[in-house]
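Want to get to know a protein structure by working through it piece by piece? Take a look at the picture first, then try the exercises.

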Amino acid sequence: MRFWHFKSALFLLLLLWNLGIFSEFLISRISGLNSLLPFLSIGYSNVCHQSAWKTIGSGAFHTLVCSRCSGIYAGALVLSLLAVFMRGRFFLTNTRLLALMMLPLLADVIFYNSGLYNYSKTAAFLTGFLSGSGVFLYILGAFFTMFNKSENKG
Amino acid sequence: MKKYLPAIVCGFGAGVLNTVPIVKSFSCCMIIPLAAVVSLVLEQRSRGVREEIKTKNAMSLGLLTGIFAALFGTALEVLVILITRNSDLAAGLPAIEQMANQMAAPEVVKQMLDIMYKMVDDIAKYGFSFLYTFSILISSMIINSIFGTLGGLLGMAILNSRLKNDEGNF
């Protein structure tokens with residue numbers, strides 16, 4: 001049960017984090033939130049360059065991080081939700097598989113920066129989604145090992 | 001002091017890279033976790049051992065790396081603001097004020113906006129705002145600590161997995 005509780009807590013934290021990314025879209029529904037926007041933006045600036053033309057959105061509202069980062073955190077969120085409902089070993093321990101899942105993101109960054117193609121928010125989001133999913137499952141595997149060891153000791 | 005050196009060195013590097021716009025656009029959120037991984041590698045090399053990394057050590061070294069990255073990053077950010085007399089806050093405030101006016105925001109929101117404009121004015125006049133510095137320090141401490149700890153866990157999993165593979169080969 002302990003590991004399940006931990007997985008649920010992780011999902012809730014990721015949900016809050018992802019909701020923060022979409023704060024600008026939530027402003028119209030929750031009054032007073034726009035006063036927090038600059039501070040939320042400062043917070044997310046620690047993890048993203050926040051270039052306006054790379055963020056998801058149109059008109060007045062945009063995500064507080066770029067498409068790639070949005071994809072990474074969305075991938076982690078979706079997999080964390082799946083992990084809550086999945087029994088058994090739903091995590092990753094194979095480093096090569098992790099590297100493989102991060103390869104499209106790396107390729108997209110290199111190819112876009114070398115001028116092979118123009119920046120695509122869709123490509124950035126999808127490659128980020130795959131990487132975020134992989135990293136989440138890998139870290140979940142590390143947490144599972146930690147829980148297993150502490151339960152064996154206790 | 002020697003056991004904190006890898007965290008200090010990698011934290012400094014991550015803090016510097018976080019301030020450089022081009023590097024940040026390349027690596028996004030991966031700077032701090034990567035710094036934590038490198039910190040673990042340096043720690044093992046400095047002790048001249050190659051053994052299984054314990055979760056507690058990985059998380060504490062990752063956390064320290066994140067904290068040092070936050071401290072160094074904030075110091076550099078303050079230095080850059082002192083020189084340029086400009087900040088990211090100044091760019092975003094007019095849009096927020098426009099949104100607040102369109103939505104007939106409550107008085108407290110307008111007071112918050114006044115505080116933010118005061119921060120921007122202080123930066124333009126003196127090159128420094130205590131409240132803005134405090135905001136970026138607190139936010140980077142919290143976020144870098146979390147990402148550093150996660151990076152430590154990630155590094156632990158990767159390095160322990162490599163150690164098992166190497167032992168298996170022998």
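Below are five exercises on this predicted model, each with a worked solution.

**Exercise 1.** Work out what chain B is built from and how much of chain B is buried.

*Solution.* Start with the secondary structure: chain B has seven helices and zero strands. Written out along the sequence, that gives α-α-α-α-α-α-α. Next, burial: of the 170 residues in chain B, 44% are buried. Then look at the contacts between residues at least 6 apart in sequence: 75% of these join residues at least 24 apart. Finish with the surface, which comes to about 9,300 Å² for chain B, with 67% belonging to carbon and sulfur atoms.

**Exercise 2.** Check the length of helix H3 of chain B against the expected span, and find out what comes just after the helix.

*Solution.* Helix H3 of chain B covers residues 31-47, which is 17 residues. The expected span takes 1.5 Å times one less than the number of residues. That comes to 24 Å, and the helix reaches 24 Å from its first C-alpha to its last, so the two are close. Several of its residues are buried, including B:Ile32, B:Val37 and B:Leu40, and B:Glu43 and B:Gln44 are on that list too. Just past the helix, B:Gly48 has a positive phi of about 70°.

**Exercise 3.** Find the largest nonpolar core and say which helix gives the largest share of it.

*Solution.* The largest nonpolar core has 34 residues, and A:Phe136 and A:Leu140 have the most contacts inside it. Both chains take part: H1, H4, H5 and H6 of chain A, plus H1, H4 and H7 of chain B, each give at least two residues. H6 of chain A gives the largest share, nine residues. Now zoom in on A:Leu140: leaving out residues up to four places away in sequence, it touches A:Phe3, A:Lys7, A:Leu10, A:Ala83, A:Phe90 and A:Phe91. Another core, of 23 residues, lies apart from this one, and among its members are A:Ile21, A:Val65, B:Cys29 and B:Ala35.

**Exercise 4.** Take two isoleucines, A:Ile139 and B:Ile142, and decide for each: buried or partly exposed?

*Solution.* The cut-off for buried is under 20% relative accessible area. A:Ile139, in helix H6 of chain A, has 10% relative accessibility, so this residue counts as buried. Beyond its neighbours within four places in sequence, A:Ile139 contacts B:Leu150, B:Leu153 and B:Leu154. B:Ile142 sits in helix H7 of chain B and, at 49%, counts as partly exposed. B:Ile142 also belongs to a nonpolar surface patch, along with B:Leu79, B:Phe134 and others, with about 1,000 Å² of accessible area together. H7 of chain B supplies the largest share of that patch, six residues.

**Exercise 5.** How many salt bridges are there over all chains, and which residues does A:Asp108 and B:Lys118 pair with?

*Solution.* The count is four over all chains. A:Asp108 pairs with A:Arg68, with the closest N and O atoms 2.8 Å apart. One partner is in helix H5 and the other in helix H4 of chain A, so the bridge ties together parts 40 residues apart in sequence. Both of these residues are buried. B:Lys118 pairs with B:Asp122 at 3.0 Å; the two lie in helix H6 of chain B, four residues apart, about one turn of the helix. Finally, bridges with shared partners join B:Glu43, B:Arg47 and B:Glu51 into one network.

Note on methods:
Residues numbered from 1 in each chain as written. Chains lettered and ligands numbered in written order. Predicted model: local features only at pLDDT ≥ 70, side-chain atom pairs only at ≥ 80, totals over all residues. Heavy atoms only, no water. Patch = residues over 30% accessible without salt bridge, like charges linked within 9 Å, V, L, I, M, F, W, Y side chains within 5 Å. Areas by Shrake-Rupley, 256 points an atom, 1.4 Å probe, with all protein chains shown as cover. Salt bridge = Lys/Arg side-chain N within 4 Å of Asp/Glu carboxyl O. Buried < 20%, exposed > 50% of the residue type's maximum accessible area, 1.4 Å probe, protein only. Contact = heavy atoms within 4.5 Å. Core = buried A, V, L, I, M, F, W, Y, C linked by side-chain atoms within 4.5 Å.
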